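This report introduces selected features of one model to a reader who has not met it before. Please examine the sequence and the structure shown here before reading on.

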Amino acid sequence: MQKWLDIAVSAPAHSQVGGLLTYASELSAEVGQLVRVPFGNREVLGVVWAVHDSLPSKISTHTVRNIAAVLEGVAPLNKHWRQLVQFTAQYYQRSIGEVAMAALPPQLRDLTTIQLARRLKKHSATSEELTAALQSPWPLSEQQIQVLAQMAEAPGPFLIHGATGSGKTEVYLQAVARCLSEDPESQALLMVPEINLTPQLEERVKARFGAVGVVSMHSGMTAPQRLKSWLAAHNGSARIVLGTRMSIFASMPKLKWIVVDEEHDASYKQQEGARYSARDLAVYRAKLEGAKVILGSATPSLESWHHSRPTAEGGRYLRLQMPSRIGAGQLPFVRRVDMNHQPRKTVLSSQLISAIQERVAKGEQSMLLLNRRGYAPVLHCADCDWKSECAHCSAFRVFHKIDRTLRCHHCGFTERVPRACPACGNADIAPMGRGTEQLEEHLAELLTGVKRPDGQPVRVMRIDADSTKLKGSLEAQLADVHSGEVDVLVGTQMIAKGHDFRRITLVAAVNPDGALFSSDFRAPERLFALLMQAGGRAGRDAAQSASSEMWVQTFHPSHALFEALKKHDYPAFAEQQLKERLEAGLPPTSFQALIRSDAKSQAVALAFLNHANLQLQSLSSLNQVDENDSGLLSEVSVYPAVPMSIQRVANVERAQMLMESPSRKALHRALDLMQQTLHATRSEPEHKGLIRWLVDVDPLAI
Ligand code: ADP
Ligand code: ZN
Ligand code: ZN
């Protein structure tokens, strides 16, 4: 019998409300089923979203095409998965089709039913197999036992606030293990910020649960690998999915536990297409599925901290504390070096250098954090003031000494370093400021002659996005740190995250001051988290923890942020920040969305946004919206459009407009209406220079 199907296909983001297209079908297809449909002159993958017995009235018969095939071998995507996709689309202002297709492995489209059937041969790990590596290799700590007991009793969501090295990861694994052993079909999702950065964790999980029942999901995988993992999760043979933010959309029919490790990490926010927060979606999805969810961090996001306050306005999450390190290990002693008392242009203070030398002599490792890669951020001519600006961006190109290039970190534009100043011919152009390459070089010079206990010369190594470009190089570099080959490690935030280094006893932040006075209100929060994380790499071996140190070189040693850091007092820092945010009406006590426009000129980018806003404001005054909407609109502030802080990238001018409201509901209604005025504005001839616009709900940087 003829049916009409609403199908989610990957139509362009703004094509139509909902992004669903109607097709006809003689084949029996149920809601959630994967299908192939004609789209333009191609055939694309789609998901059946609704089935109708008669043609929906707004659609005329002759525009409706027939679906091409049903992917018989794959079970339909269940209601919860579809609800998650639908919510994401609505909340982050994109189409259902776009979100659904981005959530599925691209290779699904190319498979025939026969190929699928072959791949779907199910090998599901039995509970016995999974619970065999399950026993913890050591007795759990009192703290771990307590937290696990609290989680067994309460529904959650849980926020575990636990010191670095307090044994959080072990708690996640135990919670997951218990759940999987209780119900032979249940599944768990373990999310981490960046798997590539922590291959150690992947090994730990696979070693514990056996490789069969565990699959990974992250963007570093090949298309066939992604497909394999996806199918295993979808048909239930994978009991654990270990993945980055994209894994929040894994189809897991028996999902019972979700863990979001390092929940404060910015990489949980997708930065293109639907700009979702996988952390926030994890909480939504857990509720939907009746699953439990843990958010864990040593420095929770202020959002999560706020939600877990035991007060009337918080209280949505249950806060669980793990303040002590495993095995009576101590957190590093924090030393602040007042750079005002150092000779001008000092990079590393003499105290810090001797401290590092001492560690090397004792056979211990040190780690230096500098969040800027390259040799120097700018090349400069002192004669005519020429600077290494990018021709295509409003930014400087970074000097990389290793291959003598100037590289733009925004658009990638790369040139060889000129022999002389391109403006005046002066042969003496010099680097300004410093990055990790230079720090590595500088350190090697300062440490010449210093010997390790085995008599070998000291070895300095740098880990950053440049040193790890080749596949496998990060793993190799990390292995050298773990094995003790390396004495001093220099790097960007990459080395601060999650690693379980056993021999590092000294960590130093070389130049962290920039974030103290940033225009971005989240900069202090990010800096504090980064420094706590970095400090957490020191003294992870309890035996060495008492002598471990975290050094901070700063021109503002008595700044409140460093005072809190000194005491490892995240709660004090968080409460002080929350107070400021509340007073200024900033998140998490209000909600924000950014509308960004890209255009050929900054004037067009700005005018487009301001004009759309003008139209939005006039909806109320012209009585074009009902009373209810007009009330909601009055709760939303829309600020005038401004150029973005890096206003031109790859010859595209960028502007943004901030919307803010104490009410999430009001903000969302305003966004829906704003989308309409943006569309209307787009079609006006004077905005021809516009390239695109996009919406970022709950933006992380403004
Ligand atoms: P976190 O995730 O809080 O930083 P981890 O779970 O990685 O902490 O634990 C820190 C270190 O302590 C790891 O090397 C881990 O293997 C070890 N560990 C965890 N729990 C225990 C325990 N109960 N007894 C002994 N060592 C433990
Ligand atoms: Zn010059
Ligand atoms: Zn550029």
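A residue counts as buried when its relative accessible area is under 20%, as exposed when that area is over 50%, and as partly exposed in between. The model described here is predicted.

**Metal sites**

The two zinc sites are set out in the table.

| Ion | Donor atoms | Distances | Angles among donors | Geometry |
|---|---|---|---|---|
| zinc ion (ligand 2) | C381 (SG), C384 (SG), C421 (SG), C424 (SG) | 2.3 to 2.4 Å | 105 to 112° | tetrahedral |
| zinc ion (ligand 3) | C390 (SG), C393 (SG), C408 (SG), C411 (SG) | 2.2 to 2.4 Å | 105 to 112° | tetrahedral |

Along the sequence, the donors of the zinc ion (ligand 2) follow the spacing C-x2-C-x36-C-x2-C. Among these donors, C381 is buried because its relative accessibility is 0%, whereas C384, at 34%, is partly exposed.

For the zinc ion (ligand 3), the donor spacing is C-x2-C-x14-C-x2-C. C390 belongs to the loop between β16 (378-381) and β17 (398-400), and C411 to the loop between β18 (405-407) and β19 (414-416); the pair therefore ties together parts that are 21 residues apart in sequence. C390 has a relative accessible area of 4% and is buried, while C411, with 29%, is partly exposed.

**A helix pair**

Helix α14 (residues 523-535) packs with helix α17 (residues 570-584) at an angle of about 170°, and their axes are 11 Å apart. Because of this angle, α14 is roughly antiparallel to α17. P524, E525, F528 and M532 of α14 make the contact with Y570, F573, Q577 and R581 of α17. By class, this contact comprises five nonpolar, one polar and two charged residues.

Technical notes: Residues numbered from 1 in each chain as written. Chains lettered and ligands numbered in written order. Predicted model: local features only at pLDDT ≥ 70, side-chain atom pairs only at ≥ 80, totals over all residues. Heavy atoms only, no water. Axes fitted to C-alpha atoms, helices over the stretch in contact; angles between N-to-C directions. Helix = DSSP H or I, 4+ residues; strand = E, 2+ residues; numbered from the N terminus. Parallel < 35°, antiparallel > 145°, perpendicular 65-115°, else oblique. Contact = heavy atoms within 4.5 Å. Nonpolar A, V, L, I, M, F, W, Y, C, P; charged D, E, K, R; others polar. Donors = N, O, S within 2.8 Å, 3.2 Å for Na, K, Ca; no water. Tetrahedral: all angles 85-135°; square planar, octahedral: opposite > 155°, others 65-115°. Buried < 20%, exposed > 50% of the residue type's maximum accessible area, 1.4 Å probe, protein only.
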